[in-house]
Amino acid sequence: MSRDAQTGRAAIVTGGARGIGLAIARRLAADGWRLALWDRDAAGAIAAASSLGPTNLGPHHLGLGCDIADEASVAAAADATWAAFGTVRGLVNNAGILGPVAPLWLQPPAEFRRVIDVNLTGTFLVLAACVPRMLEAVGPDRGRIVNVSSIQAKEGMPNAGAYAASKAGIVAMTKSLGKELATHGILVNCITPAAAETDMAKEITPARKAEILARIPMGRFVGVDEIAAMTGWLLSDDCSYSTGAVFDLSGGRATY
């Protein structure tokens with residue numbers, strides 16, 4: 001049994017109804033975490049939480065409807081989660097949208113703003129709601145935060161200006177928050193995966209998918225279980241000295 005299972009730790013995964021978020025949730029459930037899955041698709045979040053099976057430590061997993069771009073929705077989800085679990089020591093900011101695939105100067109301002117609102121401001125709103133509550137935990141180890149960015153944050157990508165910019169902001173926010181919490185018992189790290197075969201990938205054309213694949217030296221997309229494995233380690237007690245850091249899952253695409 002993992003140390004997390006022994007202590008009955010609870011974690012939040014945003015965008016947990018499917019794709020990367022659900023893969024992370026399954027990994028964490030197997031590691032013994034109790035989970036609250038937040039997703040704009042409330043029914044999907046409830047179904048995903050139920051699919052994780054029962055826990056042997058306190059409440060069952062939770063599925064909650066939450067629009068991370070809406071401050072009131074985030075606050076309500078946080079209230080419900082802490083009411084159910086008492087304390088939360090893990091947070092995975094995974095929810096996000098792709099946005100327009102077009103040259104930057106042709107992206108409609110409303111669509112650009114929507115990507116920033118969800119991916120960047122949404123991540124901020126979740127952190128703003130959860131960090132104060134996490135700091136109330138007793139003891140020197142108050143938890144772990146993992147923010148899901150993208151390899152595009154580090155190198156950009158043609159026709160993905162809004163998405164790349166939003167994900168680059170998450171990297172910078174991770175580094176800042178990691179420094180702010182370094183002596184407060186909360187580690188904050190970021191992952192930058194390459195493209196994975198998820199619902200988001202279905203939004204792009206075959207030609208666009210081939211263009212992305214050609215950038216990956218390993219010649220394949222990252223598996224959602226590979227992303228989940230990295231996230232599981234970053235939330236575990238084995239990760240004890242990394243904070244404000246960026247961990248690539250790029251198949252060799254990253255150059256720095």
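**Note on cores, charges and rings**

1. The charged end of R133 sits over the ring of W82, 5.7 Å from the ring's centre. A charge sits over a ring if NZ of Lys or CZ of Arg is within 6 Å of the ring centre and within 35 degrees of the ring normal. K154 also lies over a ring face, that of Y256, at 4.8 Å from the ring centre.

2. A word on the basis. This is a predicted model, in which local features need pLDDT of at least 70 and side-chain atom pairs count only at pLDDT 80 or more, while totals for chains, interfaces and linings use all residues. Residues are numbered from 1 along each chain as its sequence is written, and side-chain values use heavy atoms, with hydrogens and water left out.

3. Start with the interior. In soluble globular proteins, nonpolar side chains tend to be buried together. The largest nonpolar core here has 29 residues. Such a core is a set of buried Ala, Val, Leu, Ile, Met, Phe, Trp, Tyr and Cys residues joined through side-chain atoms within 4.5 Å. Buried means under 20% relative accessible area, exposed means over 50%, and partly exposed is in between (1.4 Å probe, protein chains only). I12, W38, V74, L91 and I145 have the most contacts inside this core.

4. Which elements each supply at least two residues of this core? They are β1 (10-14), β2 (34-39), α4 (71-85), α5 (109-135), α7 (161-180) and β6 (186-193). The largest share, 8 residues, comes from α5. Helices (H or I, at least four residues) and strands (E, at least two) are DSSP runs, numbered from the N terminus.

5. V74 shows how the packing is made. Outside its neighbours within four places in sequence, V74 is in contact with W38, C66, D67, I68, L125, V126 and A129. Contact means heavy atoms within 4.5 Å. Another core, of 28 residues, lies apart from the 29-residue one. V13, W33, L52 and L249 are among its members.

6. I186 lies in strand β6. Its relative accessible area is 0%, so I186 is buried. Its C-alpha atom is 8.1 Å from that of M134, although the two residues are 52 apart along the chain. With neighbours within four places left aside, I186 is in contact with M134, L135, R142, G143, I145, L181 and T243.

7. Now the charges. Side chains of opposite charge can pair when their charged atoms come close. The whole structure holds 13 salt bridges. Each is a side-chain nitrogen of Lys or Arg within 4 Å of a carboxyl oxygen of Asp or Glu. R144 and D141 form one of them, at 2.9 Å from N to O. R144 is buried at 6% relative accessibility; D141 is partly exposed at 24%. Both belong to a salt-bridge network that links R9, D141, R144 and D237.

8. Which parts of the chain does the D248 and K154 pair link? D248 is in strand β7 (residues 245-249) and K154 is in helix α6 (residues 152-155), 94 residues apart. Their salt bridge spans 3.0 Å, N to O. D248 is partly exposed at 29%. K154 is buried at 17%.

9. E211 and R208 give a local pair. Both lie in helix α8 (residues 206-213), 3 residues apart, about one turn of the helix. Their closest N and O atoms are 3.2 Å apart. E211 is partly exposed at 30%, whereas R208 is buried at 8%.

10. T192 is in strand β6. T192 is buried, at 0% relative accessible area. Its side chain makes a polar contact with the side chain of D248, at 2.4 Å. A polar contact is a pair of N or O atoms within 3.5 Å; within protein, one must be able to donate a hydrogen and the other to accept it, and residues adjacent in sequence count only if both atoms are side-chain atoms. Residues up to four places away not counted, T192 touches S149, S150, I151, K154, V171, V246, F247, D248 and L249.

11. The structure holds 1 aromatic pair. The rings of W233 and F247 have centres 6.0 Å apart and planes at 65°, so the pair is edge-to-face. Rings of Phe, Tyr and Trp (its six-membered ring) pair if their centres lie within 6.5 Å; planes under 30 degrees apart count as stacked, over 60 as edge-to-face and the rest as tilted. W233 is in helix α9 (residues 224-235) and F247 in strand β7, 14 residues apart. W233 is partly exposed at 33%; F247 is buried at 18%.
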